[in-house]
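Thank you all for coming; I would like to walk through one structure this morning, moving from its strands to its metal sites and then to its aromatic rings. Please have the sequence and the model open as I talk.

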Amino acid sequence: MATALVTALSGARKAHSLYPQSHPEHRAAFDAFVGGVARTTAAGPLTLNLHLGRLYHESTVLPADAPGMRSIAESFEAHRIESLTFQPDLTEADAIVLIEIIGMKPSADLDVATELEARGVAGVLARRLEAPDEEAAAVREERRDQDRAMYRRLVSTMKRATAQIGSGGSASLADTGPVVASVLERFMDDSAAVLGLAMMRDPSEADLFHSVNTMIYAITIGVGLEIPPEGLNTLGMCALLHDIGKLAFDRNDPAQHERIKLLHPRVGAEILARVPDIDRAAMLVAYEHHHRPDGTGWPEMEPGYVAHPYSRMVSIADRYDRLTTDAPGGEGLTPDRAVVQLLRETPGALDPIFTRVFVREMGAFPVGCLVRLSDQSVGVVSAPGLDPLKPRVRLVYGADGIAIEAKPDTDLADSDLSIVEVVPPADLSETVSDHL
Ligand SMILES: [Fe+2]
Ligand SMILES: [Fe+2]
């Protein structure tokens, strides 16, 4: 019966496209369809479902070779109709509207269910086929926009605060605290999303981005060490302000570079000493972040000097961000190489225990690594996995080399695929942060 109904629907559609409504063929075709609905729904509404390209009535698949079956299934598919439910009181006017709607060009804006309702059709109800991939991608996109707005808010509050400090005024960091707290809260909720933000770069505001990214990496170490929330807040603030001493210098004068490098820790500590209500750790971190465990570094300290733990964490975060940032005359290291480089630099230049915590938190393929998988597809690591070799990957190019949009992340832990190499983003002209 359901098969005959599909054939009658297809016949009515054909007649509607060929004849005016007053034509006997048109009338006959619609009588057959409306009469068919009345008969098949005598015991209650009848639903046609689409599943994997085939039409079903209840759990029975309808014969694909029945007249009109293929074209109606294609219409369901094109309009993303999951089901149509016919009611016993379907009128000829309802049938005409239904056929007009499914004759329209399919588009993302055309939802058959909404359109039927808007045009007052009560005799047939449609259900839209929701695409889980698209839905998840839309949610992810929205969250990503919010995260990026938060990151930019932090950059702009820092910009205001540093402008005040740079012009010799006493800075208020009152606006900065709540934004740091919101980043921290988001980090606790989804650390991978925040680590993805740290892949953002803007050469025109390199110092501000460096501050914010150093903060994100320092928090990564702090969370790995299970520092309580108030401590993490302070650590974040210290990291954000670690290079503030650079503001006192003319950055565009190459002759000043060595002076800036050597003096910015002391100058930074002096600037922060004038900021009211600031945690004293911020001054220490500004002062000590270029001191190394082997006693070298700057400014010069007495032998055996041990820097504050936050300073040692910020040193690692600072170094990682520098290593992964493109410098004039060279590309930055890929994240996987940068973590290896950090391990090489311990214990002389960096605190070995905190470095190991950082490397553990980042994984062998940190968030932001562009990787080629064993089937030749390419993606960006979007979150670490329990197995350091099997992170979560957001595919960017399929195995056929074609760009992929709105695909859910692949968890390598649940997949036969593995990472075969890390690709420098410049090799594929990719901006990794666009995919995170
Ligand atoms: Fe510095
Ligand atoms: Fe720095």
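**Strands, metal site and rings**

Let me begin with strand β1 (residues 46-51), which is joined to β4 by four bridges, the two strands running antiparallel. This is a predicted model, in which local features need pLDDT of at least 70 and side-chain atom pairs count only at pLDDT 80 or more, while totals for chains, interfaces and linings use all residues. As for conventions, residues are numbered from 1 along each chain as its sequence is written, chains are lettered from A and ligands numbered from 1 in the order in which they are written, and side-chain values use heavy atoms, with hydrogens and water left out. When I say strand or helix I mean a DSSP run, E of at least two residues for a strand and H or I of at least four for a helix, numbered from the N terminus, and two strands pair if DSSP finds at least two bridges between them.

Within that first pairing, T47 has T85 in β4 as its bridge partner. The wider setting is an open sheet of five strands, in the order β3-β2-β1-β4-β5, with antiparallel pairing. The edges are taken by β3 (60-61) and β5 (124-128), each of which has a single partner strand, so one side of each is left without a neighbour in the sheet.

Further along the chain we come to strand β6 (residues 370-373), where L370 and R372 point one way and V371 and L373 the other way, and all are buried, by which I mean under 20% relative accessible area, with exposed being over 50% and partly exposed in between, using a 1.4 Å probe and protein chains only. Strand β6 pairs with strand β7 (residues 378-383) in the antiparallel sense over three bridges, and V371 stands opposite G379 in β7. The hairpin of β6 and β7 has four residues between the strands, and Q376 takes a positive phi near 80° there. Strand β6 also pairs with strand β10 (residues 419-422), again antiparallel and over three bridges, with R372 opposite E421 in β10.

Now to the metals. Which residues are the protein donors of the iron ion (ligand 1)? They are D243 (OD), H264 (NE2), H289 (NE2) and H290 (NE2), lying 2.1 to 2.2 Å from the ion. Donors here are N, O and S atoms within 2.8 Å of the metal (3.2 Å for Na, K and Ca), and water is not among the atoms, so sites may look incomplete. Along the chain these donors follow the spacing D-x20-H-x24-H-H. The angles among the four donor atoms are 85 to 172°, and the site is irregular; four donors count as tetrahedral if all angles lie between 85 and 135 degrees, four count as square planar and six as octahedral if opposite donors are over 155 degrees apart and all others between 65 and 115, and anything else is irregular.

The iron ion (ligand 2) is coordinated by H210 (NE2), H242 (NE2), D243 (OD) and D318 (OD), at 2.1 to 2.2 Å, with the spacing H-x31-H-D-x74-D along the chain. This site, too, is irregular, with angles of 79 to 172° among its four donor atoms. D243 bridges the two iron ions, which lie 3.6 Å apart. D243 lies in the loop between α10 (229-240) and α11 (257-273), and H290 in the loop between α12 (280-288) and α13, so the pair ties together parts that are 47 residues apart in sequence. Both D243 and H290 are buried, D243 with a relative accessible area of 11%, and H242 counts as buried at 0%.

I will finish with the rings, where the structure holds five aromatic pairs. The rings of F33 and F86 have centres 5.9 Å apart and planes at 85°, so this pair is edge-to-face; rings of Phe, Tyr and Trp (its six-membered ring) pair if their centres lie within 6.5 Å, and planes under 30 degrees apart count as stacked, over 60 as edge-to-face and the rest as tilted. F33 lies in helix α2 (residues 24-40) and F86 in strand β4 (residues 81-86), so the pair ties together parts that are 53 residues apart in sequence. Both F33 and F86 are buried.

The rings of Y217 and Y320 have their centres 4.8 Å apart and their planes at 80°, so this pair is edge-to-face as well. Y217, Y320 and F358 form one aromatic cluster.
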